[in-house]
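Reader: I am new to this structure and would like a close look at one part of it. Please take the salt bridges and what they join.

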Amino acid sequence: MFVLVNLKAYPCDPVEVATAAADVSDDSGVRVAVAPQAAQIGAVAETGVETWAQHVSAVEHGSHTGSTLAEAAADAGAVGTLLNHSENRLKLADIDGALDAADRADLETIVCANNPAQIGAAAALDPDGVAVEPPELIGTGTPVSKADPDIVTGAVDAAARVNGDVDVLCGAGISTGEDLVSASDLGASGVLLASGVAKADDPRAALEDLVEPLL
Ligand SMILES: O=C[C@H](O)COP(=O)(O)O
């Protein structure tokens with residue numbers, strides 16, 4: 001299972017979380033990555049943790065003030081990027097362009113989507129992975145794998161019908177090892193989570209709890 005921790009714009013210490021994630025990944029053998037704010041990619045990457053951007057723009061080098069250039073994210077240490085997160089939705093053409101940008105910069109890609117139909121559309125654009133997240137469950141602590149398991153199995157089926165190579169993650173409300181196991185049982189190959197780690201009093205303990213059933 002792939003555990004991708006999105007720090008969003010939460011007021012956590014990204015280096016502390018990243019250091020804990022690197023240690024937990026090393027100790028457990030579970031793939032754990034952290035997606036900090038763009039300005040913190042370099043500091044997070046220095047911890048040795050697998051580092052992802054939260055977004056890259058559908059632009060090349062040029063006059064694009066305020067954009068997140070894929071090459072700059074990669075130069076700072078990112079090895080992958082989320083796209084089309086529920087909190088940063090993109091037009092279809094911009095998802096496609098951002099995938100091209102990520103490809104140029106050699107970044108792995110995960111395109112987020114709300115439901116199985118959108119997952120099918122996202123998978124057709126040939127990212128490395130897709131992540132299904134019902135927006136109404138994001139940040140609630142109620143795991144999608146329990147509250148809406150059909151969304152996860154539907155996303156796995158929708159992706160497989162369109163593109164057999166794409167990994168399917170699920171997210172929203174995931175915070176425990178039990179949630180991780182449920183997601184795996186539903187066919188997901190990873191989880192995308194945020195508040196369960198970024199807002200935890202002890203992010204290291206939260207990460208240890210997450211991977212514990214996989215040990
Ligand atoms: O990117 C992460 C997702 O939006 C899930 O957020 P959450 O774990 O706080 O529900």
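Author: Glutamate 87 and lysine 8 meet through their side chains in a salt bridge, at 2.9 Å from N to O. This pair links distant parts of the chain, 79 residues apart: glutamate 87 is in the loop between S4 and H4, and lysine 8 is in the loop between strand S1 (2-6) and helix H1 (14-28). Lysine 8 has a relative accessible area of 11% and therefore counts as buried, the cut-off being under 20%. The model is a predicted one, and it holds seven salt bridges.

A second salt bridge joins the side chains of glutamate 50 and arginine 31, at 2.7 Å from N to O. Because glutamate 50 lies in strand S3 and arginine 31 in strand S2 (residues 31-35), this pair ties together parts that are 19 residues apart in sequence. Both ends are partly exposed: glutamate 50 has 21% relative accessibility, and arginine 31 has 31%. Arg31 and Glu50 also belong to a network of salt bridges that includes Glu108.

A third salt bridge is formed by the side chains of glutamate 60 and arginine 104, at 3.8 Å from N to O. Here too distant parts of the chain are linked, with glutamate 60 in the loop between S3 and helix H3 (70-76) and arginine 104 in helix H4, 44 residues apart. Arginine 104 is partly exposed, at a relative accessible area of 39%.

Helix H4 (residues 92-104) also gives three residues to a negative surface patch, the most of any contributor. Members of the patch include Asp96, Asp100, Asp103 and Asp128. Aspartate 128 sits in the loop between helix H5 (116-124) and strand S6 (129-132), and with 38% relative accessibility it is partly exposed.

Strand S3 (residues 50-53), which holds glutamate 50, runs parallel to S4 and is joined to S4 by two bridges. In one of these pairings, alanine 53 of S3 has threonine 81 of S4 as its bridge partner. Along strand S4 (residues 80-83), Gly80 and Leu82 point one way, while Thr81 and Leu83 point the other way; all are buried.

Helix H5, which comes before the loop of aspartate 128, contains isoleucine 119. That isoleucine 119 is buried follows from its relative accessibility of 0%. Its C-alpha atom is 9.4 Å from that of valine 162, although isoleucine 119 and valine 162 are 43 residues apart along the chain.

Key: Residues numbered from 1 in each chain as written. Predicted model: local features only at pLDDT ≥ 70, side-chain atom pairs only at ≥ 80, totals over all residues. Heavy atoms only, no water. Patch = residues over 30% accessible without salt bridge, like charges linked within 9 Å, V, L, I, M, F, W, Y side chains within 5 Å. Areas by Shrake-Rupley, 256 points an atom, 1.4 Å probe, with all protein chains shown as cover. Salt bridge = Lys/Arg side-chain N within 4 Å of Asp/Glu carboxyl O. Lys, Arg positive; Asp, Glu negative; His and termini not counted. Charge placed at Lys NZ, Arg CZ, Asp CG, Glu CD. Helix = DSSP H or I, 4+ residues; strand = E, 2+ residues; numbered from the N terminus. Buried < 20%, exposed > 50% of the residue type's maximum accessible area, 1.4 Å probe, protein only. Pairing = 2+ DSSP bridges.
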